[in-house]
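Biologist: I'd like to learn how to read a structure like this one. Could you walk me through it, one feature at a time?

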Amino acid sequence: MTWLLVFAAWLAVMFVWLKVSALSVLPMPLLSAAVAALAVGAVLGPLAAVMIALWAWRVPALVRVMRDASLQRKRRKEAYLLIVLVANGVAVDKPIWTTMRDAMAKLPPTIGAEVRLIVATSRVRADYDPAEALRQLGERWGVAELVILGQIAQVSTDTLGSGAIGAFNDLLRQVQARSEREVELRKGLTSLTITGVAMLGIFVLVLLGMLAFTSTRTMLVDSGLGHVVAGVAFLFVVGGLYLAETVWRRQERAANAAI
């Protein structure tokens with residue numbers, strides 16, 4: 001029961017770290033490894049401390065990669081919605097900034113707040129360049145298509161011509177191509193993630209069950225065979241976590257690559 005409570009507390013800390021942006025600057029992988037090693041080492045000895053520290057070191061890193069990937073997908077989808085709404089307005093001869101003001105009510109909260117800030121600032125500051133603000137938002141979010149939207153807006157701020165319409169059509173084709181490629185990339189990644197989470201869950205349950213029995217715990221900690229079994233098991237888990245993290249990073253680079 002004690003081990004289950006400790007594990008639940010660790011999960012709670014991880015959840016808070018993910019949700020509170022101010023805590024993102026903390027080196028959670030190192031902190032997680034240090035705390036886990038101290039707690040386990042005090043009960044099961046240095047060998048168990050080293051093994052659990054390796055596991056606690058890689059898990060936050062993988063979770064952070066998955067969190068960042070999820071945030072990036074959300075930003076990309078919201079940016080694409082803005083591009084589609086503006087392109088639809090341009091297609092019926094509406095100026096870009098008029099279309100963007102009209103689209104604010106239809107946008108999700110995150111990008112809606114950014115667009116409202118850009119539009120509001122452009123009304124009160126004569127030296128403010130909303131097109132440049134769009135480009136900067138695209139660079140800050142890592143969404144190339146949003147940067148291109150700012151470039152198009154710079155060229156055709158209050159006027160509309162065939163060049164702007166053609167540029168938007170090209171941008172929409174790029175958005176569609178990237179979306180289709182991302183869907184294909186996610187199919188394999190989703191299958192891998194489900195398999196990895198299932199295997200990790202089974203391992204954690206087995207580990208907690210083994211620690212609940214004194215005889216099994218003694219075998220793992222005090223015997224040479226137990227050291228070998230535990231060491232191999234933890235090395236497999238750490239290797240799997242590192243592999244999963246690497247796959248997620250590569251998939252994100254592929255998804256963000258230029259079309």
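Modeller: Sure, and let's start with helices: helices (H or I, at least four residues) and strands (E, at least two) are DSSP runs, numbered from the N terminus. One caution before we use them: this is a predicted model, so local features need pLDDT of at least 70 and side-chain atom pairs count only at pLDDT 80 or more, while totals for chains, interfaces and linings use all residues. Residues are numbered from 1 along each chain as its sequence is written, and side-chain values use heavy atoms, with hydrogens and water left out.

Biologist: How many helices and strands are there in the chain?

Modeller: Ten helices and zero strands. Read from the N terminus, the order is α-α-α-α-α-α-α-α-α-α.

Biologist: How do I check the length of one, say H7? What span is expected for H7, and what does H7 reach?

Modeller: The expected span is 1.5 Å times one less than the number of residues. H7 has twelve residues, with 16 Å expected, and it reaches 17 Å from its first C-alpha to its last.

Biologist: Next, burial. What share of the residues of the chain count as buried?

Modeller: Buried means under 20% relative accessible area, exposed over 50%, and partly exposed in between (1.4 Å probe, protein chains only). Of the 259 residues in the chain, 37% count as buried. In H7, the buried ones include Leu 146, Leu 149, Ile 152 and also Glu 145.

Biologist: And how do buried residues add up to a core? Which members of the largest nonpolar core touch the most others?

Modeller: A nonpolar core is a set of buried Ala, Val, Leu, Ile, Met, Phe, Trp, Tyr and Cys residues joined through side-chain atoms within 4.5 Å. The largest has 31 residues, and Leu 82, Leu 146 and Leu 149 touch the most other members. At least two residues each come from H3, helix H4 (96-103), helix H5 (109-124), helix H6 (130-141), helix H7 (144-155) and helix H8 (162-211). H3 gives the most to this core, eight residues. Another core of 18 residues lies apart from it, with Met 14, Ala 36, Val 59 and Val 65 among them.

Biologist: Zoom in on Leu 149. Which residues is Leu 149 in contact with, leaving aside neighbours within four places in sequence?

Modeller: A contact means heavy atoms within 4.5 Å. With those neighbours left aside, Leu 149 is in contact with Leu 82, Ile 83, Val 86, Met 100, Leu 134, Phe 168 and Leu 171. For the whole chain, take contacts with a separation of 6 or more: residues 24 or more positions apart account for 68% of them. A C-alpha distance tells a similar kind of story. Val 84 and Leu 172 are 88 residues apart in sequence, yet 7.1 Å apart in space, C-alpha to C-alpha.

Biologist: Now charges. How many salt bridges does the count come to?

Modeller: The rule asks for a side-chain nitrogen of Lys or Arg within 4 Å of a carboxyl oxygen of Asp or Glu. That gives five salt bridges. One of them joins Arg 135 and Glu 132 at 2.1 Å, N to O. These two are three residues apart in helix H6, so about one helical turn separates them. Arg 135 counts as buried at 16% relative accessibility, whereas Glu 132 is partly exposed at 27%. In H8, Arg 173 and Asp 170 are likewise three residues apart, about one helical turn, and their side chains meet at 2.1 Å, N to O.

Biologist: And Arg 125 with Asp 127: how far from N to O?

Modeller: 3.5 Å. Arg 125 is partly exposed at 41%, and Asp 127 is exposed at 63%.

Biologist: Last one, the surface. Which residues form the nonpolar patch?

Modeller: A patch takes residues with over 30% relative accessible area and no salt bridge; like charges are joined within 9 Å, nonpolar side chains (Val, Leu, Ile, Met, Phe, Trp, Tyr) within 5 Å. Areas come from the Shrake-Rupley method with a 1.4 Å probe, and for residues only the protein chains shown count as cover. Here Leu 30, Val 50, Leu 54, Trp 57 and Leu 235 form the patch, with about 480 Å² of accessible area together. Helix H3 (residues 46-91) brings the largest share, three residues. Leu 235 sits in helix H10 (residues 224-256) and is exposed, because its relative accessibility is 58%. As for the chain, it exposes about 14,300 Å², with carbon and sulfur atoms supplying 68% of that.
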